Structures are given as structure tokens and as C-alpha cells.
Amino acid sequence: MPVRPIARMALGAVVVSSALLEAAPLYTIYKIDPVQPTDTSGTGNGVSPNGVYVTGFSSASGVNRPLLWTQGGGTQALPPVATSSPTRPFNIPNAVNNNGVVAGTAASTFFGSSPLPILWKNNTAIPLPLPGSQTLGRAYSLNDAETAVGSVNGGSLEQAAVFTEGGSNVMTQTMPNGGVLKTAYGINNAGRIVGQALDPNNAAVTSGFFIDPGDPAATDIGALTGLGHNSAIPFGVSSNGKITGSSSLNSGSGAMPFLFVEGSGMTQVPLPAGTTTGQGRSVNADGWVVGNSSAATSIPFLFDGTQSYRLHDLIVNLGSWDLVSGTSNAAFSISDSGVITGRGLLGGAVTGYVMVPVPEPTLFGGAMVVLPVLLRRRRV
């Protein structure tokens, strides 16, 4: 992770005492260019654990165009899904692995009608097989083995599922209380899957779970009971098994982001100042969490294990970016190297972004020299 200098700007070299290394982390923000110049909005949905690949989409009326982004190559268009009856022009890549393989969902409407789980691989869109007699499915995450997870069916019949090119299956394990696993939102390379389940004793309660390969039943991760919560939804799992998501009362009221570490349990992730509710969307191996918090607008944030910051305040080349005024602002994913992706306002338009940590400064005998080139990059 980046060393965190307190200096934000410099005219010459800035020397900062090593005692100040715990200041806010700094980032350079990059625009994710749209697939077509006429596309009117964009989103970065997933970054690979190694920080090399970012996936998302750009949108125009009646279509979401899938894409893959790298810092060296910029935006690469991914092929749309070639299906009929109905056609599915709304392509939403949700995750990308360390090899640049992407998983997501293609749907017939903006609201996700008639969804199919999709793998984008070798510049080809591959509909993943559905288990049994299922006709609907969604993919939210995948690992380097190209195992994707998500759900099949919908409504009260929705059930967590695992998808591969060779075959797919519904997750038939249950919670310790018998609750059905409804949706799987994350999987890591060790095969740990996280998601949400029903509580058979209380229809208002959503239980968060993790399950490791070979486990006969899922593990309930609990909720932030100190806040009076009884529900949790895990959205992300790190490469070493840490989990983040949203804890609430009865699956809605007073939602707060959490970090769950096996053996230590669930702790509250603090919200940035001025916000009242939030959710964690992604966590890396160091326990850094990104997510979204709310006041009058949507405020994406970063928790560095000690403190939470508005992403807007960490950008050294802010320019016309605005990550505090819009209701669509979001942070969806963070890599083990600290790369973040999401969406914000650029010149007033909803635009996908990638935030890259400012390179580590050079340490000289207990003092830190931050060269001005590291603090004044202006690429958007």
C-alpha cells in the first residue's frame, strides 16, 4: 500500500518527518473513456486483485457497452452478448480476475430483466451454462480459476449459484439455522464465497454468510449487534478472506459498513464526516475498505484500517471531478495494491474512474522526500 504523506502540493521538494506517515493516502484519478464517444455515462465496477485490470461499462440510450481498462492501454471494448428472444443489450461486467477474464450479467432491460450470467474471455462473450431447468442467472464475481458466483431464478425463488464453463450448480448448503443461500456476491482464489441468506425464522432478516470449499454448511457472520442490528449483506471478500458489506436492522434501517475477519468477528467501519449511513463494497488483503456513504448525496469513501476518508479529498489532480455532489457517485472495488474504481461526476457527467495510489516517496534516514512530480500529475 502507498506510504501516506501529509503534503498535498509542493513548489519544490517537500521534506516531511517520518512521524507524519499516517496522514491521508493520496491518489491520481483517471477517466475511463467510454466505448463509444456518444455514450453519455460510465461506471467502473471491478478491479482485479493485482490492480492491473478494471472492468465496467459505458451507456447510451437503450444499451450498456462492456469494457476492459488498463492504465497502459486505456479502454478496450468487450463484445456485446449475441443472444436473441429476447435480445440483451444491457451488458454489466461486475468483476475481473488477475488474467483479465471478466464476469457479469447481460439483461434485456436497464432494470435487469431476463438476466444471463456471462464470461468475457479472449475477446468473446460466453453465456455461462445454467443449472438444471433454470432460465435466469446473474454473475457477480469470479476468481483466477474462472469460477463465477451469483444467483439463479428471482424473487422468493432466487438461490445462490456457482458457474463455470463446464457446468453450474445451485448452492444447496444452508445456514446453521436452515436458511437458504440466496445470492453469492464474492469469491476469492481460495474458493471462499460470501453472500446473503434468508432467516427462516424472520422474513425481515437477511443473514450474511461465508462458505469455504468442503464446508457442509455456511457460516453466519452475524451483524453489528452493538448498534441494534440483526441483518448483514456481504458484498466483497479479499484475497485472504476478509469480508465487507452492510449491517442493518431488519435489512434496511440504519445501514452501516462493516469489516469481518474470521477469528475476530465483525467491526464497524467508520463513516466519513457528515454522512449517516453506508455500506462496504470491497475489501483488500490489508483490510482497506471502499464503499458508499450517504448524506444528501452519495459520498464514496476509503477506510485505511484506521480512518475513513471521502475519496474526493484524496485526489491530487481533482480538476473538474466531483465525487461529493452527485447521487450516483460510488466506489465499487479496491485491489490489493490500493487501486480503486467506481463512478463520479466529471464536468457534470456520470463517468467511470480509476484511482491509482500516488507512488511511494523515497525515504532518506527517517525523513521522507516527496518529489513534486508525484503530487502534480494532471492526467484525467
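Colleague: Which loop holds Glu146?
Modeller: This is a predicted model: local features need pLDDT of at least 70, side-chain atom pairs count only at pLDDT 80 or more, and totals for chains, interfaces and linings use all residues. Residues are numbered from 1 along each chain as its sequence is written, and side-chain values use heavy atoms, with hydrogens and water left out. Strands are DSSP runs (E, at least two residues), numbered from the N terminus. Glu146 is placed in the loop between strand 11 (137–142) and strand 12 (148–152).

Colleague: Is Glu146 buried or exposed?
Modeller: Buried means under 20% relative accessible area, exposed over 50%, and partly exposed in between (1.4 Å probe, protein chains only). Glu146 has 18% relative accessibility, so this residue counts as buried.

Colleague: What is the phi of Asn123?
Modeller: Asn123 is in the loop between strand 9 (116–121) and strand 10 (124–127). Asn123 is not a glycine, yet its phi is positive, at about 60 degrees.

Colleague: Which strands stand at the edges of the open sheet 15-16-17-18?
Modeller: Four strands form this sheet, with antiparallel pairing. Strands pair if DSSP finds at least two bridges between them. An edge strand here has a single partner, so one side of it is left without a neighbour in the sheet. The edges are strand 15 (181–187) and strand 18 (219–220).

Colleague: Which residue of strand 16 stands opposite Leu181?
Modeller: Strand 15 and strand 16 (residues 193–198) run antiparallel, joined by five bridges. Opposite Leu181 in strand 16 stands Ala197.

Colleague: How is the pair of Phe90 and Phe110 arranged, and what is the angle between the planes?
Modeller: Rings of Phe, Tyr and Trp (its six-membered ring) pair if their centres lie within 6.5 Å; planes under 30 degrees apart count as stacked, over 60 as edge-to-face and the rest as tilted. The structure holds seven aromatic pairs. Phe90 and Phe110 are 6.5 Å apart, centre to centre. Their pair is edge-to-face, with the planes at 75 degrees.

Colleague: How many residues apart in sequence are the parts tied together by this pair?
Modeller: Phe90 lies in strand 7 (residues 90–96), and Phe110 in the loop between strand 8 (102–107) and strand 9. Phe90 is buried at 12% relative accessible area, whereas Phe110 is exposed at 60%. The pair ties together parts separated in sequence by 20 residues.

Colleague: Which residue joins Phe90 and Phe110 in one aromatic cluster?
Modeller: Phe110 also pairs edge-to-face with a ring whose centre is 5.5 Å away and whose plane is at 85 degrees. That partner is exposed, as is Phe110. The cluster is completed by Phe111.

Colleague: Which backbone nitrogen does the side chain of Ser282 reach?
Modeller: Ser282 is in strand 23 (residues 277–283). Its relative accessibility is 9%, so Ser282 counts as buried. The side chain comes to 3.1 Å from the backbone nitrogen of Ile334.

Colleague: How many residues are in the largest nonpolar core?
Modeller: Such a core is a set of buried Ala, Val, Leu, Ile, Met, Phe, Trp, Tyr and Cys residues joined through side-chain atoms within 4.5 Å. Among those with the most contacts inside it are Leu302, Tyr353 and Met355. Elements giving two or more residues include strand 29 (340–346) and strand 30 (349–357). The residue count is 17.

Colleague: Which residue has the charged end over the ring of Phe235?
Modeller: A charge sits over a ring if NZ of Lys or CZ of Arg is within 6 Å of the ring centre and within 35 degrees of the ring normal. Arg192 lies over Phe210, at 3.9 Å from the ring centre. Over Phe235, at 4.4 Å from its centre, sits the charged end of Arg281.

Terms used
Polar contact = N/O pair within 3.5 Å; in protein donor to acceptor, adjacent residues only side chain to side chain.
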